[in-house]
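Reader: Could you walk me through this structure and show how each label follows from its cut-off? I would like the reasoning along with the values.

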Amino acid sequence: MITQRDDVHVVPSRPGKDHVDPHLDAERLVVAGTDADLAAVVVRLLRKEKLGSVTLGYVPSGESAVAALWGLPAKPERALDVALNGDVDPVPLVRDDVGGVLMGLGVLSPVRGVGYSDADNVLRGQASRVECTPDTEGGLGLVIRIVHKRLFGTKVEESRPRAFQLGCLPTTAVLDGHKHPRPVDKWTWYRHTEDLRLVRGI
């Protein structure tokens, strides 16, 4: 669902340009749905060069990595109030090299290959998974976690680059809770040059 202050539009999950683009002239949009729905709307804002002019509120339905990252209210009524009336707090926008965006959590699993955080080699060999989230602490844009499951416990290596690149044997990508339609053997996440105008509080 896409909401403006006086107008509500019900759209399909992960809406495309035909459902989103007619509403991109609004000063503020509110997306009620999943993290993947939010990502679909942000892709259209990006492609129509509207990131700098549209304020985006979010009311998550169910568990949400985006809400957890950015401290959005858990209760729907409160979340809607903040989304409609809250102040803008620009946050890093993470993109990938296949035309998508990452709003909350991206996971590549399992991984066997070579990965770089900016110029630093952070993976050479096997890992249980690679996780990516936007950086909430004002860093370069990304938080990358390389997770190694061991016989006794789990080892996690973390980096905070502007970009992460991976070349690997075919693996599965899950982006904001949505499984990529085919295995991938390379992947890149990077911070976009422009931030997302996300509503986080009043």
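Reader: What makes up the lining of the largest pocket, and which residues lie nearest its centre?
Author: The lining has 18 residues, and Arg14, Val43, Gly99, Gly100 and Val101 lie nearest the centre of the largest pocket. H2 and strand E7 (101-102) are the elements that give two or more residues to this lining. A pocket here is an open set of points on a 1 Å grid over the protein atoms alone, with protein on both sides within 12 Å along at least five of seven lines; lining residues have an atom within 4 Å of a point. Helices (H or I, at least four residues) and strands (E, at least two) are DSSP runs, numbered from the N terminus.

Reader: Before going on, how were the model and its numbering set up?
Author: This is a predicted model, in which local features need pLDDT of at least 70 and side-chain atom pairs count only at pLDDT 80 or more, while totals for chains, interfaces and linings use all residues. Residues are numbered from 1 along each chain as its sequence is written, and side-chain values use heavy atoms, with hydrogens and water left out.

Reader: What is the volume of the largest pocket, and how does its lining divide by class?
Author: The volume is about 460 Å³, taken as the space filled by probe spheres set on the grid points, which are joined across faces, edges and corners. By class, the lining has 10 nonpolar, four polar and four charged residues. Ala, Val, Leu, Ile, Met, Phe, Trp, Tyr, Cys and Pro count as nonpolar, Asp, Glu, Lys and Arg as charged, and the others, Gly among them, as polar. H2 gives the most to this lining, with five residues.

Reader: How do you know whether the span of H2 is close to the expected one?
Author: The expected span is 1.5 Å times one less than the number of residues. Helix H2 (residues 35-47) has 13 residues and reaches 18 Å from its first C-alpha to its last, close to the 18 Å expected. Just after H2, Glu49 takes a positive phi of about 55 degrees.

Reader: Why is Arg44 called buried or exposed?
Author: Arg44 has 11% relative accessibility, and buried means under 20% relative accessible area, exposed over 50%, partly exposed in between (1.4 Å probe, protein chains only). Arg44 therefore counts as buried. Its place is in helix H2, where 12 of the 13 residues are buried. Leaving aside neighbours within four places in sequence, Arg44 is in contact (heavy atoms within 4.5 Å) with Gly16, Lys17, Val20, Asp21 and Leu24.

Reader: And what makes Asp185 buried, exposed or partly exposed?
Author: With a relative accessible area of 47%, Asp185 falls between the two cut-offs, so Asp185 is partly exposed. Asp185 lies in strand E16 (residues 184-191). Beyond its neighbours within four places in sequence, Asp185 is in contact with Leu166, Gly167, Cys168, Leu169 and Pro170. Asp185 and Ser109 are 76 residues apart in sequence and 11 Å apart in space, C-alpha to C-alpha.

Reader: Thr188 is found in strand E16 too; why is Thr188 called buried or exposed?
Author: Thr188 has a relative accessible area of 14%, which is under 20%, so Thr188 is buried. Leaving aside neighbours within four places in sequence, Thr188 is in contact with Arg95, Asp96, Asp97, Phe164 and Gln165.

Reader: How do you know that E12 pairs with E11 and with E13?
Author: Two strands pair if DSSP finds at least two bridges between them. Six bridges join strand E11 (residues 129-134) to E12, and these strands run antiparallel. E12 and strand E13 (residues 154-159) also pair in the antiparallel sense, over six bridges. Both pairs therefore meet the definition.

Reader: Which residues stand opposite each other there?
Author: Ile144 stands opposite Ser159 in E13, and His148 stands opposite Lys155. On the E11 side, the bridge partner of Pro134 is Leu142 in E12. The hairpin of E12 and E13 has four residues between the strands, and Gly153 takes a positive phi near 95 degrees in this hairpin.

Reader: What makes E12 mostly covered?
Author: Six of the eight residues of strand E12 (residues 142-149) are buried.

Methods: 1 Å grid on protein atoms, 1.4 Å probe; cavity = no way out; pocket = protein on both sides within 12 Å on 5 of 7 lines; lining within 4 Å.
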